[in-house]
Amino acid sequence: MKESDMIRNLLLLFTLLVFLVACSREEPAPPEPKEEPPAVEAPQPRPMPTGPIVTSNTQELFEMGARYYHRGCAQCHNDGIEGAPRLGDVQAWQPRLDKGMHVLVENAIAGYEGDSGLMPARGGNPGMRAEAVSLAVRFMVEMAQPDEEDWDELDDEDWDEDFNEE
């Protein structure tokens with residue numbers, strides 16, 4: 001065999017080897033589709049606590065009531081919306097106080113529609129616990145207690161003449 005035939009055969013053999021190697025390789029699997037990142041949601045308002053209220057400290061209860069008031073009740077009771085008695089308005093609260101604390105709390109939890117306006121159940125927040133509503137009502141009642149200036153405005157008929165202090 002001539003040298004040129006040998007080179008030609010080697011080139012042919014080399015080409016055949018390259019072809020066989022290229023054909024024997026497995027194709028890589030197509031890449032897995034990337035997992036979509038979860039959609040970013042707007043932050044939700046802080047949920048009301050769900051556990052029981054575990055304090056008997058009157059100052060802590062008052063402060064809790066104030067927090068619940070500002071979270072759920074202030075939007076109506078600060079401006080008197082829908083006939084809501086304003087926070088601290090002794091005269092507006094008096095007819096409600098005359099019904100008793102139990103009725104006030106019950107109406108705030110269940111909702112109430114009266115001659116002077118509308119009280120949505122749980123202040124319009126169905127997630128507000130009954131205990132939180134009760135504390136908020138107690139806070140508002142405490143804020144509606146007459147101070148020294150208010151005593152002068154009370155009529156004589158507002159006093160119980162049969163009351164004897166001993």
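1. Let's begin with the lining of the largest cavity: Gly72, Cys73, Cys76, His77, Ile81, Glu82, Ala84, Leu118, Met119, Pro120 and Gly123 form it. A cavity here is a set of points, on a 1 Å grid over the protein atoms alone, where a 1.4 Å probe fits but cannot get out, and lining residues have an atom within 4 Å of a point. Two elements give two or more residues to this lining, α2 (58–77) and β2 (117–119), and α2 gives the most, with 4. Helices (H or I, at least four residues) and strands (E, at least two) are DSSP runs, numbered from the N terminus.

2. A word on the model: it is predicted, with local features needing pLDDT of at least 70 and side-chain atom pairs pLDDT 80 or more, while totals for chains, interfaces and linings use all residues. Residues are numbered from 1 along each chain as its sequence is written, and side-chain values use heavy atoms, without hydrogens and water.

3. Now turn to helix α3 (residues 90–98), where Val90, Trp93 and Arg96 are buried (under 20% relative accessible area, 1.4 Å probe, protein chains only). These three sit on the same side of α3 because they cover an arc of only 120 degrees around the axis, taken from the directions from the helix axis to the C-beta atoms. Gln91 and Asp98, on the other side, are exposed (over 50%). After α3 comes Gly100, with a positive phi near 105 degrees.

4. Finally, have a look at Gly114 in strand β1 (residues 112–114). Its C-alpha is 9.3 Å in space from that of Gly83, and the two are 31 residues apart in sequence.

Conventions
1 Å grid on protein atoms, 1.4 Å probe; cavity = no way out; pocket = protein on both sides within 12 Å on 5 of 7 lines; lining within 4 Å.
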